[in-house]
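Please open the structure in your viewer and keep the selection panel at hand. The stops below are meant to be followed in order, with a selection at each one.

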Amino acid sequence: MTGEWALVAAPVRAIYGRFWRESRLALGGIALMVLLAALGQVATPYLFSRLIDSLNSSLVPAGIVMAFVVYAILRGASSAVSQATQYMAWGVAQGLNFIVGTSFFERILNKRVSFFIEHNPVEIQKARSEGERSLFIFVQLGIIVFLPALLGIVLGVGVLGAVINLEIVAIVLVYGAAFITFTYFANRWTRPFLDKAIEADQENAAFVGNAINAMETLRYFNGDKWIGDNFAKKAGEVRGAWRQWTVRHLSYAFGFGAALAVQLAVTFLLLIPRYEAGQLSVGDIVLINTLMIQLNQPFEMIGSAIDDIVRAYSGFLPFARMWAEPEDQDATGRLAVGPGRLEFAQVGHRYGETPVVEDVSFVAERGRLTFITGPTGAGKSTLFKLALKALEPEQGTITVDGTDLSTVGRASWYAAIGVVPQEVMLLNDTLSANIVLGREPDAARLERATRLASIHKFITGLPEGFETTVGERGLKLSGGERQRIAIARALYDSPEFLFLDEASSALDEATEAAIMAELRTLSAHTTIIAITHRKAVIAETDTVIRLKARKPRAESALQGVAGPAI
Ligand SMILES: Nc1ncnc2c1ncn2[C@@H]1O[C@H](COP(=O)(O)OP(=O)(O)OP(=O)(O)O)[C@@H](O)[C@H]1O
């Protein structure tokens, strides 16, 4: 299997496997209806041709009249079954959409941090919707095109061969084979344009995601035109590739038309002498004409389905690539928190070839705050990412009350911690939803956390209180308000460990001092580790880990207080 096929096969197998398990009964029912519709499509013209041949006198017997009525009923039933099949197929395929969407989302949730650094939401959403469309098309084509078409061909050819003659069958088959082969090659020749269009479209989605995130800043720099032009350039690439694809296909369409003209001409040249010789009746000619048109249809359907499949395959690639990106490996161990001792022992990490954290050792305990300081880019946030299991240490170990953190499952560790990241992330939802964030709602805990974070008065002073919505990324709030919401969120569950990454950088001195005082009272029961650039927040009794740029190193606490092991 080539790399690309293997890439596509993995999600297709997983998703269709689940689809089959959940929908096989409905799929079986649809297959049965398809069979009935195909039988009807061949049986009714056959019956009609025989009825026409039986009309050889001006007085039509009552039996023949009844037979025409039966023909009409059969025709109606066959049409009803084939319409109903399409709607049933549509309904079943909607079930597939549900499976694709949920499986993809589950998969994305387990991706590594690096995935979210490389891809923005618009790009991910675009890949998901295209992937969903492609997998839907494969099933839809299978059920309402390939299966009926193949049955139609088999039955139609059978009737033609049995009733008329094998030459006509051969003509139909040659035409069909030529049609499908030509479509296949036409798609191979146009595939590069298709891939280019889809790739450019996906890049454009990433570009739009980037631009929307930075829209406010772009405006202040008069960047609207620059961004608009860039978008138009990329959209132009998409349009150009589609145009080239379309022009090629148009020229192939004339080839198909010529093939059909040749097929019909040859058939009638063969038929007319036989009719003259009395070997064929008028009914036979009507039957041949109907069956040929009916038989061409499935071949043409298969041809255009090949078109759709090739397009869907290319459209599926961004989905498959994201599906294949590595996931976070999780351990299964559960953490039993004791006195709350977090220890880094000779921990090292590098991004690519660049060492960022080297040989860092320290201990964070309860009873005092632990601060990590150092110049910008020294690796402070990286140290947090290691402690938060967003990155794995390449050297050394991180232990929590003696348990190696690498053996602890994320869910277990995250149940014990609270985190305030450097960049606060708020959902466009209410203040309470942003603080509770899916945990058990509890008014008392909400009040306690917001009081500790010095934001309770502000929230209760709002007309809608905790039900106030905060806007996209929380942009209806000030930077300091967002930061205090993030602190309240981290404290909501009374965590055993609290990680603060420059959590008070946007606060005025008085608010910062008030929050720090609250945190100091909590430190008896919570291990608190904070990154800061502000010396004013550090007390004499705190532990300080000072990292140095490029060559990080942990130092003793300020003014001789027993500090970390280096
Ligand atoms: N995902 C990444 N890939 C490559 N390099 C990275 C990545 N994340 C951070 N770095 C680099 O690692 C170094 C340390 O980054 P880190 O964010 O840990 O620094 P910091 O000490 O927290 O800085 P600041 O005080 O400015 O927040 C920086 O030079 C940064 O450019």
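The tour goes from the ligand to a helix, then through sheets and cores, and ends at a single tryptophan.

Keep in mind throughout that this is a predicted model.

**The ligand shell**

Begin by selecting the ligand together with the residues around it, which are Ile-117, Tyr-351, Val-356, Gly-374, Thr-376, Gly-377, Ala-378, Gly-379, Lys-380, Ser-381 and Thr-382. If you colour this shell by residue class, you will find four nonpolar residues, six polar ones and one that is charged. Which helix gives the largest share of the shell around the ligand? That is helix H9, spanning residues 380-387, which contributes three residues.

**Helix H9**

Select H9 next and display its surroundings, where you will see that the helix is mostly covered, with six of its eight residues buried. The buried residues are Lys-380, Thr-382, Leu-383, Phe-384, Leu-386 and Ala-387, and as a group the buried residues of H9 pack against S1, S2, S3, S4, S7 and S8. Just after the helix comes Lys-389, a residue with a positive phi near 65 degrees.

**The five-stranded sheet**

Now select the open sheet whose five strands, paired in parallel, follow the order S6-S7-S8-S3-S9. Its edges are strand S6 (417-420) and strand S9 (543-546), each of which pairs on one side only. On average, and with direction ignored, neighbouring strands in this sheet are turned by 15 degrees against each other. H9 packs on the sheet, where it touches strand S3 (370-373), S7 and S8, and the direction of H9 makes about 150 degrees with that of S7.

For a closer view, select strand S7 (residues 497-501) and strand S8 (residues 527-531), which run parallel and are joined by five bridges. Within this pair, Phe-499 has Ile-529 in S8 as its bridge partner.

**The antiparallel strands**

Move on to strand S1 (residues 342-351) and strand S2 (residues 354-364), which pair in the antiparallel sense over seven bridges. Val-347 has its bridge partner in S2, namely Val-360. The hairpin of S1 and S2 has two residues between the strands, and there Gly-352 takes a positive phi near 65 degrees. S1 is also joined to strand S4 (residues 395-400), again in an antiparallel arrangement and through five bridges, with Gly-348 standing opposite Gln-395 in S4.

**The nonpolar cores**

Return to Phe-499 and show its contacts: leaving aside neighbours within four places in sequence, Phe-499 is in contact with Phe-384, Ala-387, Leu-388, Ile-417, Val-419 and Ile-529. Which residues touch the most other members of the largest nonpolar core? In this core of 60 residues they are Ala-387, Ala-453, Ile-487, Ala-488, Leu-491, Phe-499 and Ala-530. Helix H14 (residues 479-491) supplies the largest share of this core, six residues. Apart from it lies another core, of 50 residues, and to locate that one you can select Ile-30, Leu-96, Ile-168 and Phe-316, which are among its members.

**Trp-90**

For the last stop, select Trp-90, which sits in helix H2 (residues 62-109). Why does Trp-90 count as partly exposed? The classification follows because Trp-90 has 13 C-beta neighbours inside 10 Å, while a residue is exposed at 12 or fewer and buried at 20 or more. Finally, draw a distance between the C-alpha atoms of Trp-90 and Val-139, which are separated by 9.5 Å although the two residues are 49 residues apart along the chain.

Note on methods. Residues are numbered from 1 along each chain as its sequence is written. This is a predicted model: local features need pLDDT of at least 70, side-chain atom pairs count only at pLDDT 80 or more; totals for chains, interfaces and linings use all residues. A residue is near a molecule or strand if its C-beta atom, placed from the backbone, lies within 6 Å of it. Helices (H or I, at least four residues) and strands (E, at least two) are DSSP runs, numbered from the N terminus. Ala, Val, Leu, Ile, Met, Phe, Trp, Tyr, Cys and Pro count as nonpolar, Asp, Glu, Lys and Arg as charged, and the others, Gly among them, as polar. Two strands pair if DSSP finds at least two bridges between them. Axes are lines fitted to C-alpha atoms, for helices over the stretch in contact, and angles run from 0 to 180 degrees between N-to-C directions. Two residues are in contact if their C-beta atoms, placed from the backbone, lie within 7 Å. A nonpolar core is a set of buried Ala, Val, Leu, Ile, Met, Phe, Trp, Tyr and Cys residues joined through C-beta atoms within 7 Å.
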